[in-house]
Amino acid sequence: MSSKINQDNTTSITDNEPQAFDGSCLCGQVSLRITPPLKLMQYCHCARCRKVTGSAHASNIYIDKSQLQWVSGEALVKRFEHPDAKYYAAAFCSNCGSSLPWQVKQGDTVVVPAGCLDGKLNIEPKQNIYWDSRACWFKDSGELPKFAELPPRKPKPAE
Ligand SMILES: [Zn+2]
Ligand SMILES: [Zn+2]
């Protein structure tokens, strides 16, 4: 295993298939590399994905386990297997808690939380699954006001 993470964002969306997709956790101790192709991307609104991401839905990419290579920090990767789930598991960095790719309980599929990938991708979300389980407070982010960074600090005083 001699590959190094590219630090220069050379993985970009192009017509050419990128050589690899690099990923990492928030603290940077765990890094990984995925060989193409990325097979499917979708949002999952199930209750388990909400818990594990702490967010409205997971943004997951699916690959085969043969496409995943841990570049550094594999010993920090902790796996959680939900006792009631047939396929579902989760993986995270035991130092910073970031979600990381996990292999399904029965099969060779690896589910990659898209947020752990650092460069550009050549895939977009295709669909919402477990839509009927979505959070009661879920609202499509496109419907909300957008600020380039933080919103202005002081709200206008009420009349
Ligand atoms: Zn970490
Ligand atoms: Zn889910």
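**Tyr130, the mixed sheet and the core of a predicted model**

Tyr130 is partly exposed, with 17 other C-beta atoms within 10 Å; a residue is buried if 20 or more other C-beta atoms, placed from the backbone, lie within 10 Å of its own, exposed if 12 or fewer, and partly exposed in between. This is a predicted model, in which local features need pLDDT of at least 70, side-chain atom pairs count only at pLDDT 80 or more, and totals for chains, interfaces and linings use all residues. Residues are numbered from 1 along each chain as its sequence is written, while chains are lettered from A and ligands numbered from 1 in the order in which they are written.

Q: Where does Tyr130 lie, and what is its phi?
A: Tyr130 belongs to the segment after β11. Although Tyr130 is not a glycine, its phi is positive, at about 55°.

Q: What is the mean pLDDT of the protein chain, and over which residues does pLDDT stay under 50?
A: pLDDT is the predictor's confidence in each residue, from 0 to 100. The mean for the protein chain is 90, and 88% of its residues reach 70 or more. Where pLDDT is low, the predicted coordinates should not be read in detail. The stretch in which pLDDT stays under 50 is residues 1-12.

Q: How many helices and strands does the protein chain have?
A: Helices (H or I, at least four residues) and strands (E, at least two) are DSSP runs, numbered from the N terminus. The order of elements from that end is β-β-β-α-β-β-β-β-β-β-β-β. The protein chain thus contains 1 helix and 11 strands.

Q: Which strands pair with β3, and in which sense, parallel or antiparallel?
A: Two strands pair if DSSP finds at least two bridges between them. Strand β3 (residues 40-44) is joined to β4 (residues 58-64) over 5 bridges in the antiparallel sense, and Met41 has Ile61 as its bridge partner there. With β11 (residues 127-129), β3 shares 3 bridges, and Cys44 stands opposite Ile129. The partners are therefore β4, antiparallel, and β11, parallel.

Q: Why is one side of β9 and of β11 left without a neighbour in the sheet?
A: The open sheet of 5 strands has mixed pairing and the order β9-β10-β4-β3-β11. β9 (102-103) and β11 each have a single partner strand, so one side of each lacks a neighbour because both stand at the edges.

Q: Is Pro113 buried or exposed?
A: Pro113 is found in strand β10. Beyond its neighbours within four places in sequence, Pro113 is in contact (C-beta atoms, placed from the backbone, within 7 Å) with residues including Ala58 and Leu100. Because 22 C-beta neighbours lie inside 10 Å, Pro113 counts as buried.

Q: Which residues have the most contacts inside the largest nonpolar core?
A: A nonpolar core is a set of buried Ala, Val, Leu, Ile, Met, Phe, Trp, Tyr and Cys residues joined through C-beta atoms within 7 Å. The largest one has 21 residues, and those with the most contacts inside it are Leu100 and Val112.

Q: Which element supplies the largest share of this core?
A: At least two residues of the core come from each of β2 (31-34), α1 (47-53), β4, β7 (89-93) and β10. The largest share, 4 residues, is supplied by β7.

Q: Which residues does a cis peptide bond join?
A: One partner, Pro37, has its place in the loop between β2 and β3. With omega about 5°, the cis peptide bond joins Pro36 and Pro37.

Methods. Contact = placed C-beta atoms within 7 Å.
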